[in-house]
Amino acid sequence: MNKNTEEIIRAGNNLAIWHTLSPDDKVKIFPQIVHRIAVQNKEVKEVTLKI
C-alpha cells in the first residue's frame, strides 16, 4: 500500500498480482489510482487514472 500511483499501475498490469489482493486491499488502492469515473445512464463510460 505504500507505493506511488505509477508503481501501483505498473503492478496492476500483472493481473495475477491483482487477483491475489483481498477486496479490502483493492478498495484501498482505487483512490490512489483512479482520478475520475464517468457514468452515463448507469453505465461506466470513462475511467481516468492518476498518472
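Two salt bridges are counted in this predicted model. The idea behind them is simple: side chains of opposite charge can pair when their charged atoms come close. One of the two joins Glu46 to Arg36, and the closest N and O atoms of this pair lie 3.8 Å apart. That pair links distant parts of the chain, since Glu46 sits in strand E2 (residues 43-49) and Arg36 in strand E1 (residues 34-40), ten residues apart. The distance qualifies because a salt bridge needs a side-chain nitrogen of Lys or Arg within 4 Å of a carboxyl oxygen of Asp or Glu.

Take a look at how open these two residues are. Glu46 is partly exposed, with a relative accessible area of 40%, and Arg36 is partly exposed too, at 43%. The other salt bridge brings together the side chains of Lys45 and Glu43, with 3.6 Å from N to O. Here again we meet partly exposed residues: Lys45 has a relative accessible area of 48%, and Glu43 has 47%.

Now step back to the whole chain. Its secondary structure comes to three helices and two strands, and reading along the sequence gives the pattern α-α-α-β-β. The two strands, E1 and E2, pair in the antiparallel sense over six bridges. One residue you have already met turns up in this pairing: Glu46 in E2 is the bridge partner of Ala38.

What lies between the two strands? The hairpin of E1 and E2 has two residues between the strands. Asn41 is found in the loop between E1 and E2, and Lys42 is in that loop as well. Both deserve a second look for their backbone angles. Most residues other than glycine have a negative phi. Asn41, however, is not a glycine and has a positive phi of about 55°, while Lys42, also not a glycine, has a positive phi of about 65°. Both loop residues are open to the outside: Asn41 counts as exposed at 69% relative accessibility, and Lys42 counts as exposed at 84%.

Let us turn to the nonpolar residues, beginning on the inside. The largest nonpolar core has five residues, namely Ile8, Ile9, Ile29, Ile33 and Val34. Helix H1 (5-12) and helix H3 (23-33) each supply at least two residues of this core. For the chain as a whole, buried residues make up 12% of its 51 residues.

Other nonpolar side chains can be found on the surface. Ile37, Val39, Val44, Val47, Leu49 and Ile51 make a nonpolar surface patch of about 610 Å². Strands E1 and E2 each supply at least two residues of this patch, and the largest share, three residues, comes from E2. Val44 is a good residue to find in the picture: it lies in strand E2. Is Val44 buried or exposed? With a relative accessible area of 56%, Val44 is exposed, because exposed means over 50%.

Finally, consider the chain's outer surface and its contacts. The protein chain exposes about 4400 Å², and carbon and sulfur atoms supply 54% of that area. Among contacts between residues at least 6 apart in sequence, 35% join residues at least 24 apart. As you turn the model, try following strand E1 through the loop with Asn41 and Lys42 into strand E2, and then look for the salt bridge between Glu46 and Arg36.

Conventions: Residues numbered from 1 in each chain as written. Predicted model: local features only at pLDDT ≥ 70, side-chain atom pairs only at ≥ 80, totals over all residues. Heavy atoms only, no water. Helix = DSSP H or I, 4+ residues; strand = E, 2+ residues; numbered from the N terminus. Buried < 20%, exposed > 50% of the residue type's maximum accessible area, 1.4 Å probe, protein only. Core = buried A, V, L, I, M, F, W, Y, C linked by side-chain atoms within 4.5 Å. Patch = residues over 30% accessible without salt bridge, like charges linked within 9 Å, V, L, I, M, F, W, Y side chains within 5 Å. Areas by Shrake-Rupley, 256 points an atom, 1.4 Å probe, with all protein chains shown as cover. Contact = heavy atoms within 4.5 Å. Pairing = 2+ DSSP bridges.
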